[in-house]
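User: I am new to this structure. Please walk me through what the terms rest on.

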Amino acid sequence: MIVRDVHEILEAWAPKEIAWERDNVGLQVGSMLRRVQKILVSLDVTDEVVREAREKKIDLIISHHPLLFHPVKSVSGEDRVGRLIHELAKNGISLYAAHTNLDFAEGGVSFALAGRLGLRNTGFLQKDQFILKKVVVFVPADHIESVAAAMADAGAGRIGQYDNCSFRTRGTGTFKPLAGAKPLIGAKGRMEKVEEVSHPYDEVAYDVYNLSNPSASHGSGAIGELPREMPLSKFLAHLTRTLRIPGLRFRGNLRAKIRRVAVCGGSGSGYLQAAIQRGADAFVTADVTYHVFQESDGRIALIDTGHFETEQPIVPHLVGYLKGQLARRRERVGVFPSNRMKNFVQYYNS
Ligand SMILES: [Zn+2]
C-alpha cells in the first residue's frame, strides 16, 4: 500500500474539493508513491508528535490542522514549520492534512463530537451551498459515451448514492471556423450547423454552473438530541465529564431545559444563527468571543468548551474509519491515534 491508496480512502469520505477554498489540504510532505505500513493520526503536527512518529516508525502522519498553511520562511531550525518539515523529510515520514474537508463531510469533525456527547438522530446543522457545480458539455452524438465515461471517471455525475448521473438532449450547434482553426467538421470560413448532444472539437464547448442547491452529503456542524431532557446545569457537567475538561465558558440559564443540541467542532461561532433557527436549546462550539456571547441574547445556551476539546473526538473516529477500510481491503497497515498530541491551551485554577 502506498500513500496514494490512503489518499483515495480519505477522498471517498472527505474529498479535497469540499474543503474551504483558502484551506490547504492533502499531501503536504513526502510522496504519493511512498510505501505505508504505519499511520499516525493527530490533530496537529508538533515536535512531540514527530518524535512519536519516529519512535513508532510511522510512514504517514494524517493531521487535521495543516502544517503548511502560511508561507514558510525557511526550512531550518529557526522557523517552527520549517523545522518540522525538515524533520519529517529527513525521517522519510509523509504528511497528509484533512482539515475543512473533514469538517464539511458527513460523519466528520462535528458528527464525531455529537457522537461523543451521546446525541441521537444527528444530521448537519447547515447544508452547504455553492459546493455543487453543474457541467454542461456539447459533443457530436457519436462521442457521447466516451466523453460521459471520461467525465464519470473524473468524478462527475456523483449525486448522493448514485454515480454516472447525466442528462442528455439533442440540439443544433452552429459555428463558422475562422482562419487558423482546424475544424473536426466543416471548412474554414463556412457556416456549419451540426446536430449535437455535446463536442470534442478544436475548442471544447462547455459551461460550469455554480449551484445553490444544498448538498446532501456535505455541510457544517451537526444537530441532534440528547436521549433525555436535562437542565443546563446538568448538561454542562455532562460536557466537562465527557470532554474531560476542568471548566468551560457559557451563557445561559442554568435551569433551562436542554434536549436539542447543535455542535460545531473548532471555531463555529458563524453557525450561531443556524443553531437558533434550527431550534437548538444549546450550541456547543469553540473560540467564542465576548461579542458572540452578547449576540446569543438568551435565545440559546451558548457554550465554549475549547478548540482542542471539540475537535479531539475526530482522531479516534478517523482511526476507526481507516482501520475499517484497510481491513476490508485486507491491508496489513497499522493505524494509531497520537498519544503525544496535546491542547496548546492550559487551564489554571487557584
Ligand atoms: Zn481546528
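User: How many of the residues count as buried, and what makes a residue buried?
Analyst: This is a predicted model. Of the 350 residues of the protein chain, 35% count as buried. Each of those has 20 or more other C-beta atoms within 10 Å of its own, because that is the cut-off for the word.

User: What makes strand 1 and strand 4 a pair?
Analyst: Two strands need at least two bridges to pair. Strand 1 and strand 4 (residues 94-97) have three bridges, so they qualify as a pair. They run antiparallel. One of the partnerships is Val29 with Leu95 in strand 4.

User: Which sheet holds these strands, and why do strand 1 and strand 16 stand at the edges?
Analyst: The sheet is open and has five strands, in the order 1-4-3-2-16, with mixed pairing. Strand 1 (26-29) and strand 16 (334-337) each have a single partner strand, so one side of each has no neighbour in the sheet. On average, neighbouring strands here are turned by 25° against each other, direction ignored.

User: Which helix packs on this sheet, and how do you know that it touches the strands?
Analyst: Helix 11 (residues 314-328) packs there, touching strand 2 (38-42), strand 3 (60-63) and strand 16. A contact requires C-beta atoms within 7 Å. The direction of helix 11 makes about 170° with that of strand 16.

User: What is the wider setting?
Analyst: The protein chain has 11 helices and 16 strands. Its C-alpha atoms fill a box of roughly 85 × 50 × 40 Å along the principal axes. Among contacts between residues at least 6 apart in sequence, 68% join residues at least 24 apart.

How values were computed. Residues are numbered from 1 along each chain as its sequence is written. This is a predicted model: local features need pLDDT of at least 70, side-chain atom pairs count only at pLDDT 80 or more; totals for chains, interfaces and linings use all residues. Helices (H or I, at least four residues) and strands (E, at least two) are DSSP runs, numbered from the N terminus. Axes are lines fitted to C-alpha atoms, for helices over the stretch in contact, and angles run from 0 to 180 degrees between N-to-C directions. Two residues are in contact if their C-beta atoms, placed from the backbone, lie within 7 Å. A residue is buried if 20 or more other C-beta atoms lie within 10 Å of its own, exposed if 12 or fewer, and partly exposed in between; C-beta atoms are placed from the backbone.
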